[in-house]
Structures are given as C-alpha cells and as structure tokens.
Amino acid sequence: DQLALRPPRMHDGLTQPGQLLAQGNVTADGQQMEVKTEYLEITLSAPQVAAKPHHLKVKVPRLSPVAGAEDRSEAARDLSASMPGRSDEAKGPAGQIWNRLIARQGARIELIHGGDLVIVTAEQVIVDQVSGQIEVIGADAQSAKIVRGDTTLIGRHIFLDGQNYEQMRVNGSGTGVVARENKVRAGSVLAMSWAQGMELNHSSGKGRIFGEVVVENRSRLHTTTLTAQEMDFQLSPQTDRGIGKSIIEKLVARKDVEFRAVNWRREIGGEFATKLLIQSSEMVFEHTATLEQIRFVGEGGWIFQDDRPRPQGGKPNTQITVSGRGDTVFTWSDQMVLDVKRNDMRIYGDVWMQHNPKNGGKPIEMFCDRFVADMTETGGLSRWGSRIDGQLETIVADRGVQVKREDVEITSGTMKHTQRDGYLTFTSSPGSQTLVAIGDQVTRHTKPLRWNTKTGQIEVGPVGAIRRSVR
C-alpha cells in the first residue's frame, strides 16, 4: 500500500540514520533473511563509503492508476541503501546497510544461522543487528513461535541472543517441543510447558525451565508425565539422536516432583495395564554411555498398580505375594534409585512397603532401612519416557527388617526373596536373633528361617524342618 524511504544523511556534523517504511503484503529478501509482513520498518546504518552499491529487494502491491482499483500482482522494487545512482553507497560497519528491523501485524521471518533454518512467526518481530538480538512478541490471541531444527518454542515474549542466535529465552508461560528427525520409534517427541520462563542454549543443549513445569512423552501405548516447579536439562547433540537415542541426557527436577507412567492395554485413555506414581522433592535422570538411572532424592513415595491379566496357564498364589499384580506402595526418607544399567532398584532410609495382591491374597507389609530389588522387565532406559513396569523378581531387605501379614510378624536382620524359589528367607544379624510372632506366641531363632510363599509354612534350619504352618 505504501513505501517510504529516507536515506541516511549528515546534519550539523551529525549522522542521521535513514529509514525505510513499507506497508501492505511486504516481502523483504536479504542474503541471510526473508521477511513477510504487513508492516515493515528498517533503520538504516550510518553512511560510509563502499566500493559498490548493495540492493535490498522489497515487494509491495502495485497500485492501479485507476482510482479505487488495485492490481493484485507484485513488483519487485530495488532500493539502494543511500541516494540512488551513487557509487559511494552509504553502508554501516563492515558493509552493514541496516541496524534495526521491525515487522508488525503477522510477521514471518526466515533466517539462516549456524547452518540451521530459523523460522519466526509473531505479531511483532524486532531484529537488532547492533546488539545481536531478536525479540519476538505474540498477540493477545496468539503466541509467537520459533522453529529451529528439531526444537520449537511457543510463548508470548521470546528472545534470541548470541552468536548465530543459539541462546533462546522465553519470558512468561510457554511450551516447547523437541523431536527427532527419525520418528520411526515411539517416544521420539518430547513436549514441555511452563508458567514462568524457559532458557535454552541450542549449541550446548543446556536449558532451564521454571514455574509449574510439565514434561510429557507419548508413544502408542505408553505415556509419561513429569511435573515440578523447576528443571535443568541437558539435551544430546542433534547429530547423536538416532533411533533409540535419548533426547535428554540429563534432567534435574526440583520442588514438588511428581512422575507418572502409564502403560495402556489397547489405546491411550482406555483401560490401563500398569500405572506408576513417584513423588519426591528432587529427581535426577541420567542417560549416558556409562550411566542409565533415575534418582529420587529426599523423602518420597511410590505407588505401582499392576492390572494386567494373569499369563495364560498361570496359577494364582493365594498365600504370600510381595510383588507382582496388584497394588504396591513404598515410602522412604533418603532416596530411591532406579539403576537400569544394573537392572535394579535401591531404596534407602526408613523404607516402608505394602503389597495388596490382585488375586485376593492377604496384604503384606514390610519395614527396613535398605531395600534392593532386581527388576527383569523394565526394558532399559533407552530414552526419557522409557516404560518402567516395576516388576520385582529378587528382593533383599536389611538393617532392621520387619515383615507383617495379618497376625504374623517376623523381625530379623536381613530378608531375601527370589520369585523363582518361592521363599522369604530371614537371617539374623551377628549377635542377634530372628523373632517370629504369631498371635500371642513369640519364638526366637538364630538359624536362617524360611517362609514358603506358596504354602505359608515357616521352616527353620535345614530344609524340611517345618516348625509352624501359617494360613
């Protein structure tokens, strides 16, 4: 609709910057940038002598000479950065012909930096070549968006800083998505949202999110959700994100941490197969060449619901079950570690566990100070969001073990359970005894004691020395 140019000039010994204004379906093409917008304002650089002219192409609709009529075709107009026709064209430092660009009313800017295509869409975009900053501002009805490589940021107020604009910063609430180029394998997309702000160095992969943070991962039949008040994370290099690689190498979540994982039977949102909820004050996720683990630091709790049907041909255990199908609850005071590299789970400090079997068996409760369990069906931490189904095959509890089941209570130094042999084996600490309380009767034992999980019989000493049967 309109095009105005005020070249840079000298006035009273001072350099006056020039200005270019364009309005109405504007397209501006440069060597490293393309701008499409309804309103464009460019502040030109101070005059300097240069060898040859440099031209900026600006496209606006050509107006018909007939009053009120408009030709919809576009014509490219070459605009010199100084007075037309002069060989000593005005330029800024190092050949820079403009300092500041403002695009308003539905702006779209494409940049090439560091070999990446950066696409910016917003209500207003301010590009400042002097400070090296791009400011992106969204409208009330629609947030601004920046897409660079496999990273997308959405927010009301976004900044790009640094060399090649590798620093991304969002003030206020927003969302982010990091996706692998190869999406053949499930769980290749990571979504984040926050209430206060987000920072990301695209080159180093280091970032920080704060304010009601939510990190979600979804695949066909598996979802994970992590919430906290703040998170620090380290992304893996883009060149190392093939199939099976983790997008996140390390993530530290703090304050009101809650981790949820759900495995669905047929479809997301339908009937669930397993559910896991873990709460703690801090969580550390690490996936490197030498380490694959999740640590929940500080006081916390775990609730695992296993609603899967029994395997075909499987027989129900109506006596004693300490893990498996049903509901399992843990609490602790120190920390819990899921070490998938070693395929185990370790819990420390005032550990309490209760298992309610799905098959209608009697609940069992256990107290100890350290709990170690071998898990055989986790599938490994191939990436953030890998399924964790919490199957416990071998359990070792020590440091003041107490196991309760209805009117039976056993106190000992160590308890070991292997799913394969079907026994809870209790061993007293040196210089102490294992106590067995059944109702009002209490017996003391220095030899190992075995509790048969299939029959409910308690055996002391050599195999076959049955002392008491508990039903």
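Which residue forms a salt bridge with Arg-254, the closest N and O atoms being 3.9 Å apart? In this predicted model, that residue is Glu-230. Arg-254 lies in strand β18 (residues 248-264) and Glu-230 in strand β17 (residues 222-235), so the contact ties together parts of the chain that are 24 residues apart in sequence. The distance of 3.9 Å falls within the 4 Å allowed for a salt bridge.

**Salt bridges**

Arg-254 also meets the side chain of Asp-232 in a salt bridge, with 2.9 Å from N to O. Here too the link joins distant parts of the chain, Arg-254 being in strand β18 and Asp-232 in strand β17, 22 residues apart. The surroundings of these residues can be described by their accessibility. Glu-230 is buried, with a relative accessible area of 18%. Asp-232 is partly exposed, at 25%, and Arg-254 is partly exposed as well, at 27%. Because buried means under 20% relative accessible area, Glu-230 with its 18% is placed in the buried class.

These contacts belong to a wider set. Arg-208, Glu-230, Asp-232, Arg-254 and Lys-255 are linked in a network of salt bridges. For the structure, the count of salt bridges comes to 13. Side chains of opposite charge can pair when their charged atoms come close.

Another of the salt bridges is formed by Lys-362 and Glu-406, whose closest N and O atoms are 3.0 Å apart. Lys-362 sits in the loop between β23 (344-357) and β24, while Glu-406 sits in the loop between β25 and β26, and the two are 44 residues apart. Lys-362 is partly exposed, with a relative accessible area of 24%, whereas Glu-406 is exposed, at 60%.

The table lists three of the salt bridges.

| Pair | Closest N to O distance |
|---|---|
| Arg-254 and Glu-230 | 3.9 Å |
| Arg-254 and Asp-232 | 2.9 Å |
| Lys-362 and Glu-406 | 3.0 Å |

**Strands β24, β25 and β26**

Glu-406 also has a place in a hairpin: β25 and β26 are separated by two residues, and Glu-406 in the turn has a positive phi of about 50°. Strand β25 (residues 394-405) is antiparallel to strand β24 (residues 364-374), and eight bridges join the two. Within this pairing, Val-372 has Val-396 in β25 as its bridge partner. On the hairpin side, 10 bridges join β25 to strand β26 (residues 408-418), again in antiparallel orientation. Asp-398 stands opposite Thr-414 in β26. In a regular strand the side chains alternate between the two faces of the sheet.

Strand β26 also holds His-417. His-417 is buried, with a relative accessible area of 4%. The side chain of His-417 reaches the backbone oxygen of Tyr-423 at 2.9 Å.

**Aromatic rings and charges**

Tyr-423 takes part in a further contact through its ring: Arg-450 lies over the face of Tyr-423, at 4.0 Å from the ring centre. A similar arrangement involves Arg-169, whose charged end sits over the ring of Phe-159, 4.2 Å from its centre.

The structure holds four aromatic pairs. One of them is formed by Trp-302 and Phe-304, with 6.4 Å centre to centre and 45° between the planes, and this pair is tilted. The tilted label follows because planes under 30 degrees apart count as stacked and those over 60 as edge-to-face. Both Trp-302 and Phe-304 are buried. Together with Phe-330 and Phe-371, Trp-302 and Phe-304 form one aromatic cluster.

**Surroundings of Val-170**

Is Val-170 buried or exposed? At 2% relative accessibility, Val-170 counts as buried. Val-170 is placed in strand β13 (residues 167-179). Leaving aside residues up to four places away in sequence, Val-170 touches Leu-153, Gly-155, His-157, Ile-158, Trp-194, Gln-196, Gly-197 and Met-198. Ile-209 is 39 residues from Val-170 in sequence, and the C-alpha atoms of the two are 9.4 Å apart in space.

How values were computed: Residues are numbered from 1 along each chain as its sequence is written. This is a predicted model: local features need pLDDT of at least 70, side-chain atom pairs count only at pLDDT 80 or more; totals for chains, interfaces and linings use all residues. Side-chain values use heavy atoms; hydrogens and water are left out. Two strands pair if DSSP finds at least two bridges between them. Helices (H or I, at least four residues) and strands (E, at least two) are DSSP runs, numbered from the N terminus. Buried means under 20% relative accessible area, exposed over 50%, partly exposed in between (1.4 Å probe, protein chains only). A polar contact is a pair of N or O atoms within 3.5 Å; within protein, one must be able to donate a hydrogen and the other to accept it, and residues adjacent in sequence count only if both atoms are side-chain atoms. Rings of Phe, Tyr and Trp (its six-membered ring) pair if their centres lie within 6.5 Å; planes under 30 degrees apart count as stacked, over 60 as edge-to-face and the rest as tilted. A charge sits over a ring if NZ of Lys or CZ of Arg is within 6 Å of the ring centre and within 35 degrees of the ring normal. Contact means heavy atoms within 4.5 Å.
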